[in-house]
Amino acid sequence: MPKADQEIIIDKEKTFSCMTNSVYRLPDRLQVELMKTARRLAESGKDTLLVRTGTGMEKMLIDSFISLRGEYPDLRLIRVTYQESLLGKELADVADGAITLKLRQRVKEFMLENSSAIVCYMTQSDYGKSRLRKYYEKEHCLEVINLYRPTINGEMEQELYRLVGSDEYTPREIAERLLDWKPCVPSRLSRTANEFKTVLNILCSEYSDDPAKMKELTAKTLSAMFYYSYIMGCKDSEIEKI
């Protein structure tokens, strides 16, 4: 732990930060993605993580980062704060030092300006309106690691595997399990799926007395509908490639 009066030197190329959004529910899968991200960044030579509050997603990234110190002993956790700020005071026990800003300075701006990579979890819509996006377009010297899409994909794949990814269940048993299944999916995908549900309801009401007609609704047709729904949901979480 550096002394209170010891200046902390930040090498931007070796530093990264986390931009959090308290609006999102953070799925368990996110911890897995954060661990993989922290390891990749440490392996690439990034040894300093700037932190602000030590809560939510930032805490998950801190835990992943600190767990790598056995392999990378030079890793540093630096708290960025104001002189009178109460945010992140619990970080004092784990941080390797603190950078205290003047009141006219902004913590998020400092972290953006002194990092070469930012880890975040945002939908495409929220990212498009964020300060992070504006800074990225202006500077073009920042790696943005948005874990929203891989996390959502991972959650969906795991749940699908648990449902149909083994030979333990017959089609009838899978159909019964579907009734109790509550998958975690992006809201846009859910809205699209509701449109498909309306179509299926119409088909059922129109042809309930004609089983032969219902059989024309083939597995290929259903697959195309659900695949389209999946793509629409994922599209909402994509970051444009610039």
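**Note on the sheet and its helices**

1. In this predicted model, Phe16 stands opposite Leu49, a residue of strand S2. The strands concerned are S1, residues 15-19, and S2, residues 48-51; they run parallel and are joined by three bridges.

2. These two strands belong to an open sheet of six strands, whose order is S4-S3-S2-S1-S5-S6 and whose pairing is parallel. The edges are held by S4 (97-101) and S6 (143-146); each has a single partner strand, so one side of each is left without a neighbour in the sheet. From one strand to the next, the twist averages 25 degrees.

3. Two helices that touch the sheet deserve description. Helix H1, made up of residues 29-43, lies across S1, S5 (117-120) and S6, and runs at about 160 degrees to S6. Helix H2, residues 56-66, packs on the sheet with contacts to S1, S2, S3 (76-82) and S5. The direction of H2 makes about 155 degrees with that of S2.

4. Within H2, attention may be drawn to Ser64. Is Ser64 buried or exposed? Its relative accessible area is 2%, and as the cut-off for a buried residue is under 20%, Ser64 counts as buried. A polar atom of the Ser64 side chain lies 3.1 Å from the backbone oxygen of Met60. Leaving aside residues up to four places away in sequence, Ser64 touches Gln31, Leu34, Met35 and Ala38. The span of helix H1 is residues 29-43, so the reader may look for these partners of Ser64 there.

5. Helix H5 covers residues 131-139, and Leu132, Arg133, Tyr135 and Tyr136 are buried in it. Viewed down the helix axis, the buried residues of H5 fall within an arc of 165 degrees, so they line one face of the helix. Lys134 and Lys138, on the other side of H5, are exposed.

6. Which elements cover the buried residues of H5? Among them are two helices, H3 (107-113) and H4 (124-129), together with strands S5 and S6. Strand S6 is also one of the edge strands of the sheet, and both S5 and S6 are crossed by helix H1.

7. The residue that follows H5 is His140. The phi angle of His140 is positive, with a value near 55 degrees.

Technical notes: Residues numbered from 1 in each chain as written. Predicted model: local features only at pLDDT ≥ 70, side-chain atom pairs only at ≥ 80, totals over all residues. Heavy atoms only, no water. Pairing = 2+ DSSP bridges. Helix = DSSP H or I, 4+ residues; strand = E, 2+ residues; numbered from the N terminus. Axes fitted to C-alpha atoms, helices over the stretch in contact; angles between N-to-C directions. Contact = heavy atoms within 4.5 Å. Buried < 20%, exposed > 50% of the residue type's maximum accessible area, 1.4 Å probe, protein only. Polar contact = N/O pair within 3.5 Å; in protein donor to acceptor, adjacent residues only side chain to side chain. Arc of directions from axis to C-beta.
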